[in-house]
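Reader: I should like a close look at one part of this model, beginning with a single residue and working outwards. Please define each term as it arises.

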Amino acid sequence: MANLETDRLKLSPVRPEDWEAYHTVLSAPEISEYTDLPRKPSEKRTKALVNWMVRAAQKSKGGGWMVRDSRTGAVLGCIRLNSISRQASFAVVGYEYDKRYWGKGYATEALIAVTNHCHKNMRLYRLEAWTLAGNAASDRVLQKAGFRLEGTQRQKMILRGQRFDQRLFGRLAGDCLA
């Protein structure tokens, strides 16, 4: 995983010591509203997630970047490659951001940087991401980063004992930004 930069952001590969900053992001109840992440993760669970990202990156099977404000160094969130298939040349993307930084374009800016890196440097042809129906903000982030809605998988996700539609987005290396 390489260091990435944009006009406002620095993205650095997740390290084991990033667990505390990531735990702060994950601990907000709004984060788990539309994901399969735990509502109130324990420190042990957050450390396990961070260690998984570190190990996945070492094996080139996934990984993550901590997203920081380039001026202040404040952690804004995390963006991940949840899985990488070298054979099929694709990866599954996910992200979480501290609610204080929602609606400011940071998630889109970071996703564009990661998308460009994945297509150009990692030579991944296809990127995928999913959202739950109703998560319009995340849908917009994906669309602004050039992902296209490919379909809805009805009642695929089970969260807190309820079924939800899952929306699949994809971006190909040759796709232009919308």
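Leaving aside its neighbours within four places in sequence, with which residues is Leu172 in contact?

Author: Apart from neighbours within four places in sequence, Leu172 is in contact with His119, Tyr125 and Arg126, where contact means heavy atoms within 4.5 Å. This is a predicted model, in which local features need pLDDT of at least 70 and side-chain atom pairs count only at pLDDT 80 or more, whereas totals for chains, interfaces and linings use all residues. Residues are numbered from 1 along each chain as its sequence is written, and side-chain values use heavy atoms, with hydrogens and water left out.

Leu172 itself lies in strand 8; strands (E, at least two residues) and helices (H or I, at least four) are DSSP runs numbered from the N terminus. Because its relative accessibility is 27%, Leu172 counts as partly exposed; this class lies between buried, under 20% relative accessible area, and exposed, over 50% (1.4 Å probe, protein chains only). One of its contacts, Arg126, is 46 residues away from Leu172 along the chain. The C-alpha atoms of Leu172 and Arg126 are nevertheless separated by 4.6 Å.

Tyr125, another contact of Leu172, is found in the loop between helix 3 and strand 6. With a relative accessible area of 49%, Tyr125 is partly exposed. Setting aside neighbours within four places in sequence, Tyr125 is in contact with Ser89, His119, Arg171, Leu172 and Ala173. His119 therefore appears twice, once in the contacts of Leu172 and once in those of Tyr125. From C-alpha to C-alpha, Tyr125 and Phe90 are 5.8 Å apart in space, although 35 residues separate them in sequence.

The contact between Tyr125 and Ser89 leads to the loop between strand 4 and strand 5, where Ser89 has its place. Ser89 is not a glycine, yet its phi is positive, at about 60°. Since its relative accessible area is 18%, Ser89 is buried. Arg86 also has its place in the loop between strand 4 and strand 5. At 45% relative accessibility, however, Arg86 counts as partly exposed. Its contacts, leaving aside neighbours within four places in sequence, are Ser60, Met122 and Leu124. Arg86 and Arg123 are 37 residues apart in sequence, and their C-alpha atoms are 9.1 Å apart in space.

We may now return to strand 8, which comprises residues 162-172. Gln166 lies in this strand. Because its relative accessibility is 7%, Gln166 counts as buried, whereas Leu172 in strand 8 is partly exposed. Not counting residues up to four places away in sequence, Gln166 touches Trp130, Thr131, Leu132, Gly151, Thr152, Gln153, Lys156 and Met157. Arg160 is found in the loop between strand 7 (148-159) and strand 8. Arg160 has a phi near 50°, a positive value in a residue other than glycine, and a positive phi is also found at Ser89. With a relative accessible area of 43%, Arg160 is partly exposed, while Ser89 is buried.

Some ring arrangements elsewhere in the model complete the account. A pair of aromatic rings is described by the distance of the centres and the angle of the planes. The structure holds two aromatic pairs; rings of Phe, Tyr and Trp (its six-membered ring) pair if their centres lie within 6.5 Å, and planes under 30 degrees apart count as stacked, over 60 as edge-to-face and the rest as tilted. Tyr95 and Tyr97 form a tilted pair, 6.2 Å centre to centre with 55° between the planes. Both Tyr95 and Tyr97 are buried. Tyr101 and Tyr106 form an edge-to-face pair, with 6.1 Å between the centres and 75° between the planes. Tyr106 counts as buried because its relative accessibility is 11%. Finally, the charged end of Lys47 sits over the ring of Trp19, 4.6 Å from its centre; a charge sits over a ring if NZ of Lys or CZ of Arg is within 6 Å of the ring centre and within 35 degrees of the ring normal.
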